[in-house]
Each structure stands twice: as C-alpha cells, then as structure tokens.
Amino acid sequence: MQKKLLSETFQSFDQLSVAMSMAGISGGWRKISEQLGEPTAALKARLNHIVHRRNQIVHEGDIMRKSRPRHVVFNDISVDQTIEDVDWLDDLVTAIDLIR
C-alpha cells in the first residue's frame with residue numbers, strides 16, 4: 001500500500017476515484033456531488049481542467065504551445081479565476097473529508 005501511495009499523484013478525477021477505492025469509500029463521487037451540489041460530470045470536468053492547468057504551469061512554464069514560435073507567449077490566467085479554483089478545491093477537499 002505504501003509503495004502505491006508513493007508512486008501515485010492522486011490529482012485527477014480518475015486518480016481520486018482510485019484513492020477513494022483504496023480507502024474503502026464506495027460511491028464517493030456521488031456523495032461529493034451531493035455535498036457540493038454539483039453534478040458528478042461537472043466535478044470531473046472542473047477538477048481535470050484545474051489539473052491540466054497545474055501541469056501547464058509546473059511542467060511547461062505556462063508557455064503557450066505553438067508550432068512555430070517566434071517569441072514566448074504565456075497562457076492566459078486571471079487572478080479571479082485562480083481564486084475561484086483555489087476556493088473550489090478547498091470545498092472539494094472538505095467534501096472528501098466529510099464522506100470518509
């Protein structure tokens with residue numbers, strides 16, 4: 001179990017599904033959906049989008065991909081969206097904690 005925990009990142013929707021399963025939680029996303037008042041599909045889309053943006057920032061320097069770049073252009077990011085995402089992640093973690 002410890003090796004599995006050390007080798008997984010548990011960031012995306014599917015990875016968190018595995019983590020909840022490992023913790024013996026069944027129907028976790030349904031319960032989280034009820035806690036947050038959002039459909040499971042919306043949770044999946046939002047979480048996976050946040051993970052994708054995180055990966056762009058961390059692994060790609062948040063530089064926009066181009067086939068023939070002439071100069072560096074960064075991906076758009078706003079303070080308001082960042083605050084909304086961080087607040088939403090806080091709510092998600094709280095909901096996960098409540099279902100255990």
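Here are some worked exercises on the helix packing, core and loops of this predicted model.

**Exercise 1. Work out how helices H2 and H4 are arranged, and which residues hold the contact.**

Solution.
- Step 1: Find the pair. H2 covers residues 13–22 and H4 covers residues 40–60.
- Step 2: Get the geometry. The two pack at an angle of about 115 degrees, and their axes are 9 Å apart.
- Step 3: Put a word to the angle. Angles of 65 to 115 degrees count as roughly perpendicular, so H2 and H4 are roughly perpendicular to each other.
- Step 4: List who touches whom. H2 brings Phe 13, Asp 14 and Leu 16, while H4 brings Thr 40, Leu 43, Lys 44, Leu 47 and Asn 48.
- Step 5: Sort them by class. The contact of H2 with H4 has four nonpolar, two polar and two charged residues.

**Exercise 2. Do the same for H2 and H3: give the angle, the contact residues and their classes.**

Solution.
- Step 1: H2 and H3 pack at an angle of about 110 degrees, with 10 Å between their axes.
- Step 2: The label follows from the angle: H2 and H3 are therefore roughly perpendicular to each other.
- Step 3: On the H2 side you'll find Phe 13, Leu 16, Ser 17 and Met 20; on the H3 side, Gly 28, Trp 29 and Ile 32.
- Step 4: By class, the contact of H2 with H3 splits into five nonpolar, two polar and no charged residues.

**Exercise 3. Check the span of H4, then say which of its residues are buried and what they pack against.**

Solution.
- Step 1: H4 has 21 residues, and its first and last C-alpha atoms are 29 Å apart.
- Step 2: Compare that with the expected value. At 1.5 Å a residue you'd expect 30 Å, and the model comes close to that.
- Step 3: Pick out the buried positions, which are Leu 43, Leu 47, Ile 50, Val 51, Arg 53 and Gln 56.
- Step 4: Look at what surrounds them. The buried residues of H4 pack against H2, H3 (28–36) and H5 (79–99).
- Step 5: Step off the end of the helix. Just after H4, Gly 61 has a positive phi of about 65 degrees.

**Exercise 4. Describe the largest nonpolar core, then follow the contacts of Ile 32 and Leu 47.**

Solution.
- Step 1: The largest nonpolar core has 15 residues.
- Step 2: The residues with the most contacts inside it are Met 20, Trp 29, Ile 32, Leu 47, Trp 88 and Leu 92.
- Step 3: Ask where the core comes from. H2, H3, H4 and H5 each supply at least two of its residues.
- Step 4: Take Ile 32. Skipping neighbours within four places in sequence, Ile 32 is in contact with Met 20, Leu 43, Leu 92, Ala 95, Ile 96 and Ile 99.
- Step 5: Now take Leu 47, which sits in H4. Leu 47 counts as buried because its relative accessibility is 3%, and buried means under 20%.
- Step 6: With neighbours within four places again set aside, Leu 47 is in contact with Gln 11, Ser 12, Phe 13, Leu 16, Trp 29, Trp 88, Leu 89 and Leu 92.
- Step 7: Check one of those partners along the chain. Gln 11 and Leu 47 are 36 residues apart, yet their C-alpha atoms are separated by 8.2 Å.

**Exercise 5. Three loop residues: decide whether Ser 12, Phe 10 and Asp 62 are buried or exposed.**

Solution.
- Step 1: Ser 12 is in the loop between H1 (2–7) and H2. Its relative accessibility is 16%, so Ser 12 counts as buried.
- Step 2: Beyond its neighbours within four places, Ser 12 is in contact with Leu 47, Asn 48 and Val 51.
- Step 3: Phe 10 is placed in the loop between H1 and H2. At 18% relative accessibility, Phe 10 counts as buried.
- Step 4: Check the backbone of Phe 10: phi is positive, about 50 degrees, although Phe 10 is not a glycine.
- Step 5: Asp 62 is in the loop between H4 and H5. With a relative accessible area of 10%, Asp 62 is buried.
- Step 6: Asp 62 isn't a glycine either, but has a positive phi of about 60 degrees.

**Exercise 6. Turn to two helix residues, His 59 and Ser 21, and decide whether each is buried or exposed.**

Solution.
- Step 1: His 59 belongs to H4. Its relative accessible area is 59%, so His 59 is exposed.
- Step 2: Ser 21 lies in H2. At 51% relative accessibility, Ser 21 counts as exposed, the cut-off being over 50%.

Technical notes:
Residues numbered from 1 in each chain as written. Predicted model: local features only at pLDDT ≥ 70, side-chain atom pairs only at ≥ 80, totals over all residues. Heavy atoms only, no water. Axes fitted to C-alpha atoms, helices over the stretch in contact; angles between N-to-C directions. Helix = DSSP H or I, 4+ residues; strand = E, 2+ residues; numbered from the N terminus. Parallel < 35°, antiparallel > 145°, perpendicular 65-115°, else oblique. Contact = heavy atoms within 4.5 Å. Nonpolar A, V, L, I, M, F, W, Y, C, P; charged D, E, K, R; others polar. Expected span 1.5 Å × (residues − 1). Buried < 20%, exposed > 50% of the residue type's maximum accessible area, 1.4 Å probe, protein only. Core = buried A, V, L, I, M, F, W, Y, C linked by side-chain atoms within 4.5 Å.
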